[in-house]
Amino acid sequence: MSAVLLGVVAALAWGLHDLLIRFVSRSLGSLQSVLIVFILGAIAIATAMVVRGEAVSVAPDKLWIMALTGITYALGFVWLFKAFAIGPVALVSPIVGAYPVLVMVWAVANGAQPSASDWLAVAAITVGVALVARFATEAQPEPGHAMVGIRTQAIVYSGLSGLGFAASLTAGQAAVQDGGELNVTLVSRAWSMAIMAAWCLRDRGSFSGAKPWLPVLMLMGVLDALALSAVISAGKIEGAEFATVVGSCFGAVTVVLAIIFLKERLNLLQLLGMLMILGGVVVLSGRY
């Protein structure tokens, strides 16, 4: 499977995951929802490994990079929710969605040589994602959100979240060079669960509303595990960084699903953004 196709799988899975979390987080806190999703996702990965006859293995010299993958993935979510708590979606989402730029910079620093068309495709996808997120329908923020200090904090947390996701996916692709994607995802997921559990304990969040949502949370766990495994597995093939770039389009997938199932409206700038994303993906798919 090509890197771009793996990115498409990740974008579709994360897009549906993010649509579902809109509903779950209203009854159950966002951090609690993510922790349960991580746990159920780990169970799904472990089950898949048993079916495939794979054993969990961790080379001592690779433990740190698997830990980095899991810790930064969890921190990416923590910082994302902190940003959303104080800033509007139109501010936070475009900043977080720019993390593929960091991935590309890292890839070039490590010897990748993208062509001019590759850079144009990445730029189109990144700008397209920003347009879709920037002009998404959202409730008006509270008056305090307009304060310069609060917006600055939201920008900082958004940037940290994007950095966390970029570091996690890049580290995961490096770790998979010497191990299967399911093994890397499961071991790193253990670190993610530890970080998220510590944060939930710190915030004293309640899990009392989780039971009615367990089937949905289970589906979300499978989707998240599938998306992360898809992007990580691209580390073994040419153009691995483009799996991350295309996978970042999950926000646009969420918007499309919301339009289809929730009857949300699509404005012209969002449509332009989606066309830019499609164009970028088509260009990359012809090369990778």
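**Helix packing and aromatic pairs in a predicted model**

Setting aside neighbours within four places in sequence, Gly235 is in contact with Gln173, Val176, Gln177 and Ala240, where contact means heavy atoms within 4.5 Å. The model is a predicted one, in which local features need pLDDT of at least 70 and side-chain atom pairs count only at pLDDT 80 or more, while totals for chains, interfaces and linings use all residues. Residues are numbered from 1 along each chain as its sequence is written, and side-chain values use heavy atoms, with hydrogens and water left out.

Gly235 makes a handy starting point. This glycine sits in the loop between α9 and α10 (240-247); helices here (H or I, at least four residues) are DSSP runs, numbered from the N terminus. Gly235 has 11% relative accessibility and so counts as buried, a word that stands for under 20% relative accessible area, with exposed meaning over 50% and partly exposed in between (1.4 Å probe, protein chains only). Along the chain, Gly235 and Glu181 are 54 residues apart, and their C-alpha atoms are separated by 9.0 Å. On one side of this loop comes α10, which is mostly covered, with 8 of its 8 residues buried. Among them are Ala240, which also touches Gly235, and Glu241, Phe242 and Thr244. On the other side, Ser233 belongs to helix α9 and is buried, with a relative accessible area of 15%. Not counting residues up to four places away in sequence, Ser233 touches Leu6, Val176 and Glu181.

Helix α9 (residues 214-233) also packs against α8, at an angle of about 120° and with the axes 9 Å apart. Axes are lines fitted to C-alpha atoms, for helices over the stretch in contact, and angles run from 0 to 180 degrees between N-to-C directions. The two helices are therefore oblique to each other: angles under 35 degrees count as roughly parallel, over 145 as roughly antiparallel, 65 to 115 as roughly perpendicular and the rest as oblique. The crossing of α8 past α9 is right-handed, a crossing being right-handed if the near helix is turned clockwise from the far one by less than a right angle, and left-handed if anticlockwise. From α8, Glu181, Leu182, Val184, Thr185 and Arg189 meet Asp224, Leu228, Ser229, Ile232 and Ser233 of α9. Sorted by class, this contact has 4 nonpolar, 3 polar and 3 charged residues; Ala, Val, Leu, Ile, Met, Phe, Trp, Tyr, Cys and Pro count as nonpolar, Asp, Glu, Lys and Arg as charged, and the others, Gly among them, as polar.

Arg189 deserves a closer look. Arg189 is placed in helix α8 (residues 181-203) and counts as buried, at 0% relative accessibility. Leaving aside neighbours within four places in sequence, Arg189 is in contact with Asp224 and Leu228, and also with Val37, Phe38, Gly41, Ala42 and Tyr73.

A second partner of α9 is helix α2 (residues 30-52), which packs with α9 at an angle of about 65°, the axes lying 7 Å apart. These helices are therefore roughly perpendicular to each other, and α2 passes α9 in a right-handed crossing. Residues of α2 in this contact include Ser33, Val37, Phe38 and Gly41, and those of α9 include Leu214, Met218, Gly221 and Asp224. By class, the contact of α2 with α9 has 12 nonpolar, 3 polar and 1 charged residues.

Aromatic rings offer another view of the fold. The structure holds 8 aromatic pairs, where rings of Phe, Tyr and Trp (its six-membered ring) pair if their centres lie within 6.5 Å, and planes under 30 degrees apart count as stacked, over 60 as edge-to-face and the rest as tilted. One of the pairs is Trp14 with Phe250, which is edge-to-face, at 6.0 Å centre to centre and 65° between the planes. Trp14 lies in helix α1 (residues 3-27) and Phe250 in helix α11 (residues 250-261), so this pair ties together parts 236 residues apart in sequence. Trp14 is buried, with a relative accessible area of 7%.

The rings of Tyr99 and Phe165 have centres 6.1 Å apart and planes at 55°, so this pair is tilted. Because Tyr99 lies in helix α5 (residues 99-109) and Phe165 in helix α7 (residues 148-175), the pair ties together parts 66 residues apart in sequence. Tyr99 counts as buried at 4% relative accessibility, and Phe165 is buried with a relative accessible area of 8%. Tyr99 and Phe165 form one aromatic cluster with Phe38, Tyr73, Phe77 and Phe81.
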